[in-house]
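Colleague: I am new to reading protein models, and I would love a close look at one part of this one. Could you walk me through the nonpolar core and the aromatic rings, and then show me what else helps to place them in the whole chain?

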Amino acid sequence: GGGVSQSVAAGRETMRFRFCGDLDCPDWVLAEISTLAKVSSVKIKLLCVQVLRDLLGDGIDYEKITKLTADAKFEPSDVKATVAVLNFILASAAKYGVNGESLSSELQQLGLPKEHAAALCKSYEDKQTALQDKLKESSLRLNRLGSVSWRVDYTLSSSELKEVNEPVVHLKINVQNVDTGALEPTVALVSAVKFRVLLTELKQAQALMNALN
C-alpha cells in the first residue's frame, strides 16, 4: 500500500487547482478534506449555507454548526477547521471565478466524495454571483491614510546606528480603519539612509499613479 500512496503524493506535488489560483492546494486544506467527508452530504450543504452567510456579511450561527457536526463526534477544533476549510474553498473559488462543475471536479481529485462535492457546489452556485460582488466590494475598500507627522532627531549613541550623531527620522502614520473608522497610529524610527530610500520609492509610486490618471 505504501508505494501507491507515495506515487499519489508525488503526483500531487505538480498538481494545479483553479480554485487555488492555479497553484497547488494548501496542505492544511488537503488535510481537512477527510474531516469534511465525516459529515453527511446533506449536512455539508447546510454547513455551506452558514459559511456563505458569514462570507456575505450576515453572520454565522455557531450553535447550528455545532449541532450539524454533532453526530460526527467533532471536537471544537474540528468544527473550527470545518468552517475554515469551507470558507477557504468557497471564497477562493469565487475569487478565481471557478464554476461549480470545475470546483466539484477539483474537490473530488482532492478526495472529497462525489455527493459531498455536489452538495458544496450546489450551495456555491446559488451564491456565486453575490459572493463575487461582495469580494469585489471588500477588495476595493482600503484603509485610508489619516495623517503623517515626522520629526528629525540626532542620536548621540545607539546600538541600532553605526555612527553617532546620525540623524533619525521619527515617523508617525495614522491610518483610518475602513471598518471601524478609528485612527490607528503606527510609529517608526527610520535612519536617514532608509528614509531617503522610502522617499524615492514613494515618489516613484506617485509618478505611476499620476500616469494612470
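**A close look at the core and its rings**

Modeller: Happy to! This is a predicted model, and its chain averages a pLDDT of 85, with 86% of the residues scoring at least 70. Confidence varies along the chain: among its elements, helix α1 (residues 2–12) has the lowest mean pLDDT, 43, while α6 has the highest, 97. Over residues 1–12 the pLDDT stays under 50, and the model has 5 contacts there beyond four places in sequence. Where pLDDT is low, the predicted coordinates should not be read in detail. Let us leave that stretch aside, then.

Now for the overall layout. There are 8 helices and 3 strands in the chain, and along the sequence they follow the pattern α-α-α-α-α-α-α-β-β-β-α. Of the 213 residues, 30% are buried. Among contacts between residues at least 6 apart in sequence, 59% join residues at least 24 apart.

On to the part you asked about. The largest nonpolar core has 39 residues, and those with the most contacts inside it are F19, I89, L90, L103, L107 and L120. Two or more residues come from each of α2, α3 (41–55), α4 (62–68), α5, α6 (100–109) and α7 (114–140). Helix α5 gives the largest share, 9 residues. For a single residue to explore, try L103: leaving out residues up to four places away in sequence, L103 touches F19, I89, A93, V98, L120, C121 and Y124.

Next, the rings. A search of the whole structure finds 3 aromatic pairs. One of them joins W28 and F88: their ring centres are 5.7 Å apart and their planes meet at 70°, so this pair is edge-to-face, as the angle is over 60 degrees. The pair links distant parts of the chain, with W28 in helix α2 (residues 27–36) and F88 in helix α5 (residues 76–95), 60 residues apart. Are these two residues buried or exposed? Neither, in fact: W28 counts as partly exposed at 41% relative accessibility, and F88 is partly exposed too, at 23%. Together with F17 and F19, W28 and F88 form one aromatic cluster. You have met F19 already, as one of the core residues with the most contacts.

The cysteines deserve a look as well. How many disulfides are there? The count comes to 0. C25 is in no disulfide, and the nearest cysteine sulfur, that of C20, is 4.4 Å away. C25 is buried, at 3% relative accessible area. As for C48, the closest cysteine sulfur is in C121, and at 8.4 Å it is too far for a bond. C48 is also buried, with a relative accessible area of 0%. C121, you may recall, is among the residues that L103 touches.

Finally, let us visit a strand. L171 is found in strand β2 (residues 166–176). Its relative accessible area is 9%, so L171 counts as buried, being under 20%. Setting aside residues up to four places away in sequence, L171 touches V148, S149, W150, T186, V187, A188, V190, F195 and L198. L171 and V152 lie 19 residues apart in sequence, and their C-alpha atoms are 8.9 Å apart in space.

One last number concerns the outside: the accessible surface of the chain comes to about 13,700 Å², and 55% of that belongs to carbon and sulfur atoms.

Notes: Residues numbered from 1 in each chain as written. Predicted model: local features only at pLDDT ≥ 70, side-chain atom pairs only at ≥ 80, totals over all residues. Heavy atoms only, no water. Helix = DSSP H or I, 4+ residues; strand = E, 2+ residues; numbered from the N terminus. Buried < 20%, exposed > 50% of the residue type's maximum accessible area, 1.4 Å probe, protein only. Contact = heavy atoms within 4.5 Å. Disulfide = S-S within 2.5 Å. Phe/Tyr/Trp six-rings, centres within 6.5 Å; stacked < 30°, edge-to-face > 60°. Core = buried A, V, L, I, M, F, W, Y, C linked by side-chain atoms within 4.5 Å. pLDDT = per-residue confidence, 0-100. Areas by Shrake-Rupley, 256 points an atom, 1.4 Å probe, with all protein chains shown as cover.
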